[in-house]
Amino acid sequence: MRKALAIFLFILVVLSPVLAGPPSQGDEFMGKFIEAINTGNYSLIKPYMSDELKAQFTEDYFQNLRELTLRNYGKLKGFTYEGNETQDDLLRLKYTVETEKGSFPVLLVYHKGKLVGLALGVVPEPNPLGMVAAMGGALIALVGVYLLRKKLSFPELALGSGLALVLSIILPFYSLTGTLLLPRVVATPVVSLLSALTIEVGKYYLAKNRDGLSLGLGLGIGQFVLLAIGTFVATNFIMKLPVSFTGNVLPLFLEAVIFTVFYALSTEVYSKRRDLMPFAVFTAFEFLSLYSLGLGSVYGSLTIALAGVAVAWKLGGE
């Protein structure tokens with residue numbers, strides 16, 4: 001009896017890994033993922049992802065996600081396998097990642113042995129820096145232009161802010177459709193041109209027989225104050241999306257200052273001059289600035305917009 005029991009225990013010890021089932025195929029990836037987040041080495045996880053996932057989960061995206069994760073959770077310490085579920089040819093593996101400041105869930109999706117999906121339940125703390133930078137820049141521009149021109153019309157200010165809200169609906173539609181229908185090399189200039197024309201047509205049309213300076217200031221306030229607040233509140237408190245400002249504050253601040261002044265001075269020119277020459281000039285500046293931004297040159301975009309401010313100042317003084 002004791003001999004039989006010993007044999008049974010021996011068999012149980014030998015076969016226990018088999019009886020428990022093979023290790024989850026995501027375990028190796030999760031180990032590399034934790035190391036990649038802690039070190040910033042994207043190449044550790046790249047070989048595990050399918051070509052489709054690599055196209056979405058790029059190195060730039062990874063670095064932004066890493067910054068967001070480390071700021072909100074600290075260093076990653078380990079992971080726990082929570083189970084799996086299957087649907088057709090898809091295998092979903094669920095994990096919990098332990099960190100210095102808590103934990104968050106991770107979902108891996110495999111299709112025929114290839115990692116095709118990766119989702120993190122990272123919930124960042126609200127970071128108002130971006131909102132504050134945009135608001136501060138626009139308000140400084142408002143005060144500065146007012147001190148120079150000594151005039152401000154609140155109805156036109158409100159109208160300009162309303163124009164900003166309308167544009168916030170139209171312009172993203174251009175970007176979405178252009179990205180879906182056109183290759184990137186074509187979509188960037190086309191979307192930039194359509195956006196520039198739409199902005200300048202709105203300014204030119206509304207400036208007739210109105211205080212263009214206040215109208216343009218209202219456009220800047222609507223874009224960099226009202227929409228900044230609305231976006232921050234909506235993403236962080238209403239939709240509760242994992243969105244948090246992680247960029248450099250200075251370019252955003254300068255963008256708010258320069259573009260608010262550009263909108264104000266160029267729309268003032270529209271209210272004084274109803275010929276197409278200033279419209280063509282400001283549309284060109286708007287297009288080149290947006291196109292430069294679409295190519296990833298933030299400071300190039302700001303330089304072009306600043307040149308537009310100088311031209312608008314010159315034309316407005318004539």
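Trainee: Is the crossing of helix 7 and helix 9 left-handed or right-handed?

Mentor: The crossing of helix 7 and helix 9 is right-handed. Do keep in mind that this is a predicted model.

Trainee: What makes helix 7 and helix 9 oblique to each other?

Mentor: Start with the angle: their axes cross at roughly 50 degrees and come within 9 Å. An angle under 35 degrees would count as roughly parallel, and 65 to 115 as roughly perpendicular. The value of roughly 50 degrees is in neither range, so helix 7 and helix 9 are called oblique.

Trainee: Which residues make that contact?

Mentor: Helix 7 brings Ile199, Glu200, Lys203 and Tyr204, while helix 9 brings Phe262, Tyr263, Ser266, Thr267 and Tyr270. By class, the contact of helix 7 with helix 9 holds five nonpolar, two polar and two charged residues.

Trainee: Why is helix 9 called roughly antiparallel to helix 10?

Mentor: The axes of helix 9 and helix 10 cross at roughly 165 degrees and come within 10 Å. Angles over 145 count as roughly antiparallel, and therefore helix 9 is roughly antiparallel to helix 10. This crossing is left-handed.

Trainee: Where do helix 9 and helix 10 meet?

Mentor: From helix 9 there are Phe259, Phe262, Tyr263, Ser266, Val269 and Tyr270. They meet Pro278, Phe279, Phe282, Phe285, Glu286 and Ser289 in helix 10. The residues of this contact divide into nine nonpolar, two polar and one charged.

Trainee: What makes helix 7 oblique to helix 10?

Mentor: Helix 7 and helix 10 pack at an angle of about 140 degrees, with their axes 8 Å apart. Roughly antiparallel needs an angle over 145, and roughly perpendicular covers 65 to 115. About 140 degrees fits neither, so helix 7 is oblique to helix 10. The crossing of helix 7 and helix 10 is right-handed. Among the residues in this contact are Leu193, Ile199 and Tyr204 of helix 7 and Phe279, Phe282 and Leu290 of helix 10. By class, the contact of helix 7 with helix 10 divides into 13 nonpolar, five polar and three charged residues.

Trainee: How many residues does the largest nonpolar core have?

Mentor: The largest nonpolar core has 41 residues, and Phe224, Tyr263 and Phe282 have the most contacts inside it. The elements giving two or more residues to this core include helix 5 (129-149), helix 7 (184-206), helix 9 (249-272) and helix 10 (276-294). The largest share, 10 residues, comes from helix 9. There is also a second, separate core of 29 residues, which includes Ile45, Val97, Tyr110 and Leu115.

Trainee: What is Phe224 in contact with, leaving aside its neighbours within four places in sequence?

Mentor: Phe224 is in contact with Ala134, Met135, Ala138, Glu255, Ala256, Phe259, Thr260 and Tyr263.

Trainee: Why is Ser292 called buried?

Mentor: Ser292, whose place is in helix 10, has a relative accessible area of 11%. Buried means under 20%, so Ser292 is buried. Beyond its neighbours within four places in sequence, Ser292 is in contact with Ser297, Gly300, Ser301 and Ile304.

Trainee: And why does Val116 count as partly exposed?

Mentor: The relative accessibility of Val116 is 32%. Buried needs a value under 20% and exposed one over 50%, so Val116, in between, counts as partly exposed. The place of Val116 is in strand 4 (residues 114-120). Its C-alpha atom is 5.4 Å from that of Leu53, although Val116 and Leu53 are 63 residues apart along the chain.

Trainee: What makes Lys150 and Asn209 exposed?

Mentor: Lys150 has a relative accessible area of 59%, and Asn209 has 75%. Exposed means over 50%, so Lys150 is exposed and Asn209 is exposed. Lys150 lies in the loop between helix 5 and helix 6, Asn209 in the loop between helix 7 and helix 8. Lys150 has a positive phi of about 60 degrees although it is not a glycine. Phi of Asn209, also a residue other than glycine, is positive and near 60 degrees.

Trainee: How many helices and strands are there in the protein?

Mentor: There are 11 helices and four strands. Of the 318 residues in the protein, 41% are buried.

How values were computed:
Residues are numbered from 1 along each chain as its sequence is written. This is a predicted model: local features need pLDDT of at least 70, side-chain atom pairs count only at pLDDT 80 or more; totals for chains, interfaces and linings use all residues. Side-chain values use heavy atoms; hydrogens and water are left out. A nonpolar core is a set of buried Ala, Val, Leu, Ile, Met, Phe, Trp, Tyr and Cys residues joined through side-chain atoms within 4.5 Å. Buried means under 20% relative accessible area, exposed over 50%, partly exposed in between (1.4 Å probe, protein chains only). Contact means heavy atoms within 4.5 Å. Axes are lines fitted to C-alpha atoms, for helices over the stretch in contact, and angles run from 0 to 180 degrees between N-to-C directions. A crossing is left-handed if the near helix is turned anticlockwise from the far one by less than a right angle, and right-handed if clockwise. Ala, Val, Leu, Ile, Met, Phe, Trp, Tyr, Cys and Pro count as nonpolar, Asp, Glu, Lys and Arg as charged, and the others, Gly among them, as polar.
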